[in-house]
Amino acid sequence: MPISFVHDNAAVRLDLPASKASVEIYLYGATVTSWRSNGGQERLFLSEKAALDGSAAIRGGIPLVFPVFGAPSDHKDAPKAVEHLAKHGFARTHRWSLSSDDSTSESSSEDRVSVTLTLRSSELPEVASSWPFETALEYKVTLTPNALRCQLSVEHLSTSTGGEMPFQALLHNYLLVPDSTKASVHGLQGQTCMDKLRDFARSEVQDAEVRPAGEAMDRAHRFADEGREPGDVSLHYNASLVDDPLGRMGKGVEVKRSANLLDTVVWNPASEGEKGIKDLASGDWKSFVCVEPGAVQGFLRLAKGQKWQAEQTLEAW
Ligand SMILES: O=P(O)(O)OC[C@H]1O[C@@H](O)[C@H](O)[C@@H](O)[C@@H]1O
């Protein structure tokens, strides 16, 4: 079966047997926790200490950040409506439903299979008290032999306040790497970097490569020129420098995204930062680099009845 339930029905799994590609998505948070590309090589980091029982956001894979990135207090321009939300919002900490439209054999073929998950804020009583908008989220995940496409749609259905719905969104990819100290991110040159670890200081990225290189990094990047699209970014494993004689992991991953995901967050806590994260084991920081497309500087706004759509495609090289 190209689509099946796994982990005691907590997750849905898509398989392309001919290429050994697969993806697993927990209903909790609609969190992709595993993506195996052509040949079966895992491409995402998932912490062994990740809570997979719905008690906390899943540490690893691709958590969905919505409707606020980080803590509301991180944003000087945070609207009142997001003030009482938890860090990274509520999408990653609620159980989504499988959409009936998509879980049929029509959504699959030998080299493509998809599934769609949905979440309605009005069905989450604890969200209703801190979020005055009725919001419908839809997340379609499509697997092809060498790529994973993730499409998010956000719809503002109604509101008790009558105003526009402010929001941010981000696809928090934890990309698995042989050694994060040797990995590099390409495609950020010329963008303005907002450094969360240096009091949100801004500077322009001068180099063609951004390397965490063992130091904590937590930065959001965007072109200063409003009209300029963010372009693709790629994570290079720099595999020739690491012990991967069979080249199983390939050269890296390309992160393509829709032009409305203007920001790219690059995050790695390094050894110091990891100590404060209880669901990471010691040394895990070496196994991932987060390269996260999103819209997280300033707030987007949706009038009642409007829909916003964004997507990324991860391509394995
Ligand atoms: O620990 P959390 O809530 O999953 O967040 C992880 C990280 O997510 C990143 O996207 C943020 O830029 C970091 O500031 C944050 O620490």
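**Exercise 1. Find the loop that holds Pro 67, then examine the peptide bond that joins Phe 66 and Pro 67.**

Step 1. Pro 67 sits in the loop between β6 (64-65) and β7 (97-98). Strands here are DSSP runs of E with at least two residues, helices are runs of H or I with at least four, and both are numbered from the N terminus.

Step 2. The bond joining Phe 66 and Pro 67 is cis, with omega about 0 degrees. As background, most peptide bonds are trans.

Before you go on, two notes on the model. It is a predicted one, where local features need pLDDT of at least 70, side-chain atom pairs count only at pLDDT 80 or more, and totals for chains, interfaces and linings use all residues. Residues are numbered from 1 along each chain as its sequence is written.

**Exercise 2. Look at the loop between β15 and β16: what is the phi of Asp 199, and what is the phi of Phe 200?**

Step 1. Asp 199 is in the loop between β15 (192-195) and β16 (201-204), and Phe 200 lies there too.

Step 2. Phi is about 55 degrees for Asp 199 and near 65 degrees for Phe 200. Most residues other than glycine have a negative phi.

Step 3. Now check exposure. A residue is buried if 20 or more other C-beta atoms lie within 10 Å of its own, exposed if 12 or fewer, and partly exposed in between, with C-beta atoms placed from the backbone. Asp 199 counts as exposed because it has 6 such neighbours. Phe 200 has 13, so it is partly exposed.

**Exercise 3. Which residues does the UniProt annotation "active site" cover, and why do they gather at one spot?**

Step 1. The unreviewed UniProt entry gives His 172 and Glu 292. UniProt positions follow the numbering used here, feature names are shortened, and annotations may be inferred rather than shown by experiment.

Step 2. They span 121 residues in sequence, yet no two of their C-alpha atoms are more than 4.9 Å apart, so they gather at one spot.

Step 3. Place each one. His 172 is in the loop between β12 (165-171) and β13 (174-176), while Glu 292 belongs to strand β22. His 172 is buried, with 22 other C-beta atoms within 10 Å; Glu 292 is buried with 26.

Step 4. List contacts (C-beta atoms, placed from the backbone, within 7 Å). Leaving aside neighbours within four places in sequence, His 172 is in contact with Ile 62, Pro 63, Val 65, Cys 290 and Glu 292. On the same basis, the contacts of Glu 292 include His 172, Thr 264, Val 265 and Trp 267.

**Exercise 4. Which residues surround the ligand?**

Step 1. A residue is near a molecule if its C-beta atom, placed from the backbone, lies within 6 Å of it. The surrounding residues include His 172, Glu 292, Lys 87, Asp 218 and Trp 267.

Step 2. The shell divides into four nonpolar, three polar and four charged residues. Here Ala, Val, Leu, Ile, Met, Phe, Trp, Tyr, Cys and Pro count as nonpolar, Asp, Glu, Lys and Arg as charged, and the others, Gly among them, as polar.

**Exercise 5. How many helices and strands does the protein chain have, and what share of its residues is buried?**

Step 1. The chain has two helices and 23 strands.

Step 2. Of its 317 residues, 44% count as buried.

Note on methods:
Contact = placed C-beta atoms within 7 Å.
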